[in-house]
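Here's a quick tour of this one, for anyone who'd like to know where to look first. Have the structure open and follow along.

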Amino acid sequence: MLNIGIIGCGKITQVRHAPEYAENGQCRLTAWYDALPGRAQAMADEFGGTAYDSMEALLASGVDAVSVCTANADHASAAIAALKAGCHVLCEKPMATTLADCLAMQEAAQKSGKRLLIGHNQRLARAHVEARRRIEAGEIGRVVGFHTMFGHPGPEGWTGQRNSWFFDKKRAAFGVMADLGVHKTDLLHYLLGERIVEVSAMLATVDKTYPDGTPISVDDNALCIYRTESGAIGQLHVSWTNYGVEDNSTRIYGTEGVLRLYDDPECSLILEKRDGTVERVRLDLLTSNKEQTSGGRTSTGVIDSFVEAIETGAPSPLDVGEAIQAMRVIFAAEQSAAKGCSVRVDYD
């Protein structure tokens, strides 16, 4: 039985991490810390365990593993401290705010001999797993293009706060590009089995404002053109200004057909072949932020994957090495938008 601590007790802990740990019979929630003590105590009251007045006290409490669910700027320091204390770590995305911090986190995991996983839950969705299998099997031929979208009304719909840390550049460092874009960038690496090597990006704040009406200090929309190692070209669009139904869809275009993922209300995977045949497959439906915050389905599979990785020692699709590759693309996108030109992704 693993003793679990959670560092940061905001909305992501309340609707994902804590409920999913509670549903896993191989672990128990024993320790909580948050910069706002009342939030940690509220979680301890609901799920059991002890609320601590410092992260250091939590790490010294005998926990075997922790989730790091703080604001982005604190991910690296919290994760490294936990690894040095001998804990396995599951860190929320984006894993860190600089490449140097990402690499330092990976090095700390290697030195400690503990697991470091990043919460890229899109890799675990059943239609994505099945799509990867079909692409590897050559069912759509050679991949030549793709389009992926992730859009919802923004963090205020998730947190209930118009002035949340997501909009504060000092605490978040990034906007929607790293909040949602890292999910879909990592997903493309997973589905295609190859890396994105060149980025042309436009990042903008088009609608979101602070309560006083001034524009937020991070991007609320991002549009990228990606090129992969094999030469496939595609588009990523992420948005905090989709005020309709959440869109978390992907299309992969091949020389022999097209895979449509989560763009249909009933069938999570649709295969359209070049000869005109169509296969519609019902696997699962992605849980939207609205469903989770309103008490709907909770399980993303991330916690189960984390616990399994600790217990078996087997490689995980959420391992830190995979996450760093997606972060390299995010940093390249930020550079591209700032420079106004395409940028090669640095994998050296």
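Helices and strands here are DSSP runs, at least four residues for a helix and at least two for a strand, numbered from the N terminus. With that labelling, Asn121 sits in the loop between β6 (116–118) and α6. Keep in mind that this is a predicted model. Helix α6 is a handy place to begin, followed by its salt bridges, a helix pair and some backbone oddities.

**Helix α6 and the loop before it**

- Is Asn121 buried or exposed? At 16% relative accessibility, Asn121 falls under the 20% cut-off, so it counts as buried.
- Setting aside neighbours within four places in sequence, Asn121 touches Arg16, His183, Thr300 and Val302.
- Helix α6 itself spans residues 126–136, and its buried residues are Ala127, His128, Glu130, Ala131, Arg134 and Ile135.
- Look down the axis of α6 and those buried residues fall within an arc of 160 degrees, so they line one face of the helix.
- The general background is simple: an α-helix has 3.6 residues a turn, so residues three or four places apart point the same way.
- What do the buried residues of α6 pack against? Their partners are one helix, α10 (181–192), plus the strands β7 (143–151), β11 (250–254), β12 (257–261), β13 (269–273) and β14 (278–281).
- Just past the end of α6, Gly138 has a positive phi of about 80 degrees.

**Salt bridges around Arg134, and one between strands**

- How many salt bridges turn up in a search of the whole structure? The count is 20.
- Arg134 pairs with Glu139, with the closest N and O atoms 3.1 Å apart.
- Arg134 counts as buried because its relative accessibility is 7%, whereas Glu139, at 22%, counts as partly exposed.
- Arg134 also meets Glu279 in a salt bridge, at 3.0 Å from N to O. Since Arg134 belongs to helix α6 and Glu279 to strand β14, this pair ties together parts that are 145 residues apart in sequence.
- Glu279 is partly exposed, its relative accessible area being 34%.
- Over in the strands, Glu272 and Arg260 form a salt bridge whose closest N and O atoms are 2.7 Å apart. Glu272 is in β13 and Arg260 in β12, so the pair links parts 12 residues apart in sequence.
- Glu272 is partly exposed, with a relative accessible area of 26%, while Arg260 counts as buried at 14% relative accessibility.
- Which residues do shared salt-bridge partners join into one network? The members are Glu130, Arg133, Arg134, Glu139 and Glu279.

**The α1/α2 pair**

- Two packed helices are described by the angle between their axes and the distance between the axes.
- For helix α1 (residues 11–23) and helix α2 (residues 37–47), the axes come within 12 Å and cross at roughly 35 degrees.
- That crossing of α1 and α2 is right-handed.
- On the α1 side, the contact is made by Thr13, Gln14, Ala18, Pro19 and Ala22, and on the α2 side by Arg39, Met43 and Phe47.
- Sorted by type, the residues of this contact come out as 5 nonpolar, 2 polar and 1 charged.

**Backbone oddities**

- As a baseline, most residues other than glycine have a negative phi, and most peptide bonds are trans.
- The peptide bond from Lys93 to Pro94 is cis, with omega near -10 degrees. Pro94 is in the loop between β5 (88–91) and α5 (99–112).
- Ala173 isn't a glycine, yet it has a positive phi of about 70 degrees. You'll find Ala173 in the loop between α8 (169–172) and α9 (176–179), and at 19% relative accessibility it counts as buried.
- Tyr262 is another residue other than glycine with a positive phi, this one near 55 degrees. Tyr262 is in the loop between β12 and β13, and it is buried, with a relative accessible area of 11%.

Conventions. Residues are numbered from 1 along each chain as its sequence is written. This is a predicted model: local features need pLDDT of at least 70, side-chain atom pairs count only at pLDDT 80 or more; totals for chains, interfaces and linings use all residues. Side-chain values use heavy atoms; hydrogens and water are left out. Buried means under 20% relative accessible area, exposed over 50%, partly exposed in between (1.4 Å probe, protein chains only). The arc is that of the directions from the helix axis to the C-beta atoms. Contact means heavy atoms within 4.5 Å. Axes are lines fitted to C-alpha atoms, for helices over the stretch in contact, and angles run from 0 to 180 degrees between N-to-C directions. A crossing is left-handed if the near helix is turned anticlockwise from the far one by less than a right angle, and right-handed if clockwise. Ala, Val, Leu, Ile, Met, Phe, Trp, Tyr, Cys and Pro count as nonpolar, Asp, Glu, Lys and Arg as charged, and the others, Gly among them, as polar. A salt bridge is a side-chain nitrogen of Lys or Arg within 4 Å of a carboxyl oxygen of Asp or Glu.
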